[in-house]
Amino acid sequence: MATLRALECLVAVLDCGSVTEAAARLHMSQPALSHQLAALEREIGTPVVQRLPRGVRPTAAGRAIVADARAALAAAERVVHTGRAVAAGTDGQLRIGCAESMTAGLLAPVLRAWHRRYPGIYLALTEQSSADALAELAVSGQVDIAVGPQPSRWDGSLDVIGEEEIVAALPAAENSSAAIAFDDLARQPIVHYHPDNGLGTWLDEIAAHHGVTLTAATRTRQVTTAAQLAAAGLGIALVPTTALTASFSGAVASLKPHLTRKVVAMTVTPNDPLVQRFTADLRRRGVPVPASIAAQLTRR
């Protein structure tokens, strides 16, 4: 296969009309340039330039391939330019997977900052309701970085962003100073989660550890929906604080004992400069809790 160096020599010779001038432009010796041209001619099986007493001119084959040679060189230059731009954080694409409950509170502020700071980078977002599903997206190469709870199994690179508390979402009228014990949950209707949502399975396991079975009054796939249904009086919803906004109309209470889980960033390409930069921004921001929610939990 013809090398880019051989194509570069062909274009330079035809532009300059002289082997001597072309060699000087490319900072090569004349024998080295002639060697590249000879290799190209062997590859395609015919001469590409005709040597004249004063200079050179293209053969029919040379004229036929020079446009493609220029295109190949331009493409190679774009490859280098794009690679350097990605490395510098000014261009490229970053594919992000995120737990649905964390998109608004945790991820959206970082995405907004990146859109302003790196307008040349395209950010693609995929949401999942299961930590294991997020891990699979990363392993299969469908996302570059996955942000969510720690999955049941993960062998790649993992950065801990912080911890989020799991709290009880209640109607505003039930605002009190007491935390809610797991024993209390056994006597309450629960706004629970569809089996597709990994949070539901995890909560059932935690409740069983405390000798409690959660009784579902209704089920939903969305954590934010569960919180709103609890605020409307359909039951208690166990939700992570990352799913609650400052405008949440219900009340919240800590569980007794406190229940937390790690929030992590997973990737199989930890040396990718965009992944490193995005993960660093996530770590700096941490896992925020809306002030109105934090105030309620502090009072309790």
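**Asking how the labels were earned**

Colleague: I see H27 in the loop between α2 and α3 (30-44). How do you know where a helix or a strand begins and ends?

Modeller: Helices (H or I, at least four residues) and strands (E, at least two) are DSSP runs, numbered from the N terminus. Please keep in mind that this is a predicted model, in which local features need pLDDT of at least 70 and side-chain atom pairs count only at pLDDT 80 or more, while totals for chains, interfaces and linings use all residues. Residues are numbered from 1 along each chain as its sequence is written, and side-chain values use heavy atoms, with hydrogens and water left out.

Colleague: Why is H27 called exposed?

Modeller: The relative accessible area of H27 is 75%. Exposed means over 50%, buried under 20%, and partly exposed in between (1.4 Å probe, protein chains only). H27 is over the 50% mark, so it counts as exposed. Its phi is also worth a look: near 55°, a positive value in a residue other than glycine.

Colleague: V19 is in helix α2 (residues 19-26). Why does V19 get the opposite label, buried?

Modeller: V19 has a relative accessible area of 15%. That is under the buried limit, so the label follows.

Colleague: Which residues does V19 touch?

Modeller: Apart from neighbours within four places in sequence, V19 is in contact (heavy atoms within 4.5 Å) with V13, Q30, L33, S34 and V56. As for A64, it is 45 residues from V19 along the chain, and their C-alpha atoms are 20 Å apart.

Colleague: What makes β1 (residues 49-52) and β2 (residues 55-58) a pair?

Modeller: Two strands pair if DSSP finds at least two bridges between them. Here 4 bridges join β1 to β2, in the antiparallel sense, so the rule is met. Q50 has R57 as its bridge partner, and a hairpin of 2 residues connects the two strands.

Colleague: Why do you describe β11 (residues 251-267) as largely enclosed?

Modeller: In β11, 12 of the 17 residues are buried, so the rest of the structure largely encloses this strand.

Colleague: Which strands pair with β11?

Modeller: β5 (residues 145-149) pairs with β11 in the antiparallel sense over 4 bridges, with P149 opposite V263. β6 (residues 157-170) is also antiparallel to β11, through 13 bridges, and S157 is partnered by T267. β7 (residues 180-181) runs parallel to β11, with 2 bridges; A181 is matched with K256. Also in β11 is P257, and the peptide bond from K256 to P257 is cis, with omega near 0°.

Colleague: What makes a group of residues a nonpolar core?

Modeller: The members must be buried Ala, Val, Leu, Ile, Met, Phe, Trp, Tyr or Cys residues joined through side-chain atoms within 4.5 Å. The largest such core has 36 residues, and L185, L238, V239 and L255 touch the most other members. Among the elements giving it two or more residues are β6, α7 (182-185), α9 (223-231) and β11. Another core, of 32 residues, lies apart from it and includes L107, A138, I145 and M266.

Colleague: How do you know that T241 and N197 are buried?

Modeller: T241 comes out at 2% relative accessibility and N197 at 3%. Each value is under 20%, so both count as buried. T241 is in the loop between β10 and β11, and its contacts include E164, V289 and L297. N197 is in the loop between β8 (189-193) and α8 (198-209), where its side chain reaches the backbone nitrogen of L199 at 2.9 Å.

Colleague: What makes an open space a pocket?

Modeller: On a 1 Å grid over the protein atoms alone, a pocket is an open set of points where a 1.4 Å probe fits, with protein on both sides within 12 Å along at least five of seven lines; lining residues have an atom within 4 Å of a point. The largest pocket holds about 340 Å³ of space. It is lined by 19 residues, with A131, P149, G198, L199 and R261 closest to its centre. α8 gives the most to that lining, with 3 residues.

Methods:
Polar contact = N/O pair within 3.5 Å; in protein donor to acceptor, adjacent residues only side chain to side chain. Points joined across faces, edges and corners; volume = space filled by probe spheres on them.
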